[in-house]
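Please walk through the binding site of the model shown here, starting from the bound molecule and moving on to the metals.

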Amino acid sequence: SAKRHGRNVSQRFRPALDVQDSPHMALVYSLRDALANGDQLELHYQTQHRTADGTVVGMEALLRWRHPEHGMVSPGDFIPLAERHGLMGQLGNWVIDEALGQMARWRELGLPQLPVWINISAIQMFQGELESALSSGLARHGIPAEQLGLELTESVLLDERAGDIVPRLEALRESGHRIAIDDFGTGYSSLSYLKRLPLDKIKLDRAFIRSLPSDTADAAIVGAVLAMARGLAMDVVAEGVETEGQLSFLRDAGCALVQGFFYSRPVSAQALEAQWQQAAGGAQPSPGALHSES
Ligand code: C2E
Ligand code: MG
Ligand code: MG
Ligand code: MG
């Protein structure tokens, strides 16, 4: 039925294109529709917590696409498509505007002003529109740059198409943004760039967290990254923390921050608001309170 859908879509939009050669084109066309209409795209928010007491210190915005026929399409599936088919610039700009608009709305509602971290793709870096999209979005919504963190993966940071990334990261930080390296440890890069790149935060990939605390190799790697980050004055967030055992290992190892299903799955803005408003005095959601993907 994806094939049938693809044919229909191609007749509607691109009669010259042979969609049978690229079955995913139907998805590309409906993503273009989604971007034009805006109503199928959402950001969900996953809180980040202090290991010491579970306090929420910020959140990551994660893109969601509610496809009218396929239901929720995973960003791991449609972001690579968007990148390959020239939609990622627009999609990235939508994320920036949506996150900032949501933050402005939370401020109006009197909800806590926590930093939000967004993911930045390679294309946003090398197309060079990132800085202007950020500064116009911040101005439009009246949000300080300090409240909007940027997560870049190793592959984005090392993508040569982006030119020399160091002065750009320095400029972004000078304007107030904080920068995190995402999925740390999964790329092909050497450690030497950690010294060269102006970064605030290391997000330790969940591949190293999954088998804690029993896997001694992972435990050693996590300990080494924490020691290194301390020396470099960078924060570490452990990703993908799902169990109490992982959490207490990380806390004992000196990892101050975690993100993962143990505390919360990514939830819609409305679900997050409901939690906040439920909490006494509109304070923070209690640890472990946000458990349903909605
Ligand atoms: P990421 O930036 O590393 O985001 C973390 C991913 O891990 C998210 O998957 C999140 O739902 C998932 N996760 C969080 N905690 C746990 C846990 O305890 N266990 C497990 N198994 N998974 C957990 P998601 O939302 O499917 O996003 C996948 C990737 O898609 C992201 O990885 C990011 O690279 C990309 N992505 C998502 N939103 C955006 C966006 O707005 N822009 C760009 N460029 N990329 C995005
Ligand atoms: Mg991320
Ligand atoms: Mg990550
Ligand atoms: Mg990832």
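In this predicted model, 23 residues surround ligand 1, and those that come nearest are Arg-64, Asn-119, Asp-182, Glu-242 and Phe-261. Strand 2 (56–67) gives the largest share of this shell, four residues. At least two shell residues each also come from helix 3 (75–84), helix 4 (88–108) and strand 6.

Several polar contacts can be picked out. A nitrogen atom of ligand 1 lies 3.1 Å from a backbone N or O atom of Leu-63. Oxygen atoms of ligand 1 are involved as well: one lies 2.8 Å from a polar side-chain atom of Asp-182, and a polar side-chain atom of Arg-206 lies 3.0 Å from an oxygen atom of the ligand. The protein buries 82% of the 800 Å² that ligand 1 exposes when taken alone. As for its location, ligand 1 sits in the largest pocket.

Asp-182 leads from the ligand to the metals. Two magnesium ions, ligand 2 and ligand 3, are 3.9 Å apart, and Asp-182 coordinates both.

Consider ligand 2. Its protein donors are Glu-60 (OE), Asn-119 (OD1), Glu-151 (OE) and Asp-182 (OD), which lie 2.0 to 2.2 Å from the ion. Along the chain these donors follow the spacing E-x58-N-x31-E-x30-D. Glu-151 lies in strand 5 (residues 148–153) and Asp-182 in strand 6 (residues 179–184), so this pair ties together parts that are 31 residues apart in sequence. Are these two residues buried or exposed? Glu-151 has a relative accessible area of 1% and is therefore buried, the cut-off for buried being under 20%. Asp-182, at 5% relative accessibility, also counts as buried.

The magnesium ion that is ligand 3 is coordinated by Asp-182 (OD), Asp-183 (OD) and Glu-239, the last of which is listed with two OE entries, at 2.1 to 2.5 Å. The spacing of these donors along the chain is D-D-x55-E. Which parts of the chain does this site tie together? Asp-182 lies in strand 6, whereas Glu-239 is in the loop between strand 8 (235–238) and helix 11 (244–253), so the pair ties together parts that are 57 residues apart in sequence. Glu-239 is buried too, with a relative accessible area of 12%.

Asp-182 thus recurs in each part of this account: it is among the residues that come nearest to ligand 1, and it coordinates both magnesium ions.

Key
Residues are numbered from 1 along each chain as its sequence is written. Chains are lettered from A and ligands numbered from 1 in the order in which they are written. This is a predicted model: local features need pLDDT of at least 70, side-chain atom pairs count only at pLDDT 80 or more; totals for chains, interfaces and linings use all residues. Side-chain values use heavy atoms; hydrogens and water are left out. Donors are N, O and S atoms within 2.8 Å of the metal (3.2 Å for Na, K and Ca); water is not among the atoms, so sites may look incomplete. Buried means under 20% relative accessible area, exposed over 50%, partly exposed in between (1.4 Å probe, protein chains only). A residue is near a molecule or strand if one of its heavy atoms lies within 4 Å of it. A polar contact is a pair of N or O atoms within 3.5 Å; within protein, one must be able to donate a hydrogen and the other to accept it, and residues adjacent in sequence count only if both atoms are side-chain atoms. Accessible areas come from the Shrake-Rupley method with a 1.4 Å probe; for residues, only the protein chains shown count as cover. On a 1 Å grid over the protein atoms alone, a cavity is a set of points where a 1.4 Å probe fits but cannot get out, and a pocket is an open set with protein on both sides within 12 Å along at least five of seven lines; lining residues have an atom within 4 Å of a point. A molecule sits in a cavity or pocket if more than half of its atoms lie within 2 Å of its grid points.
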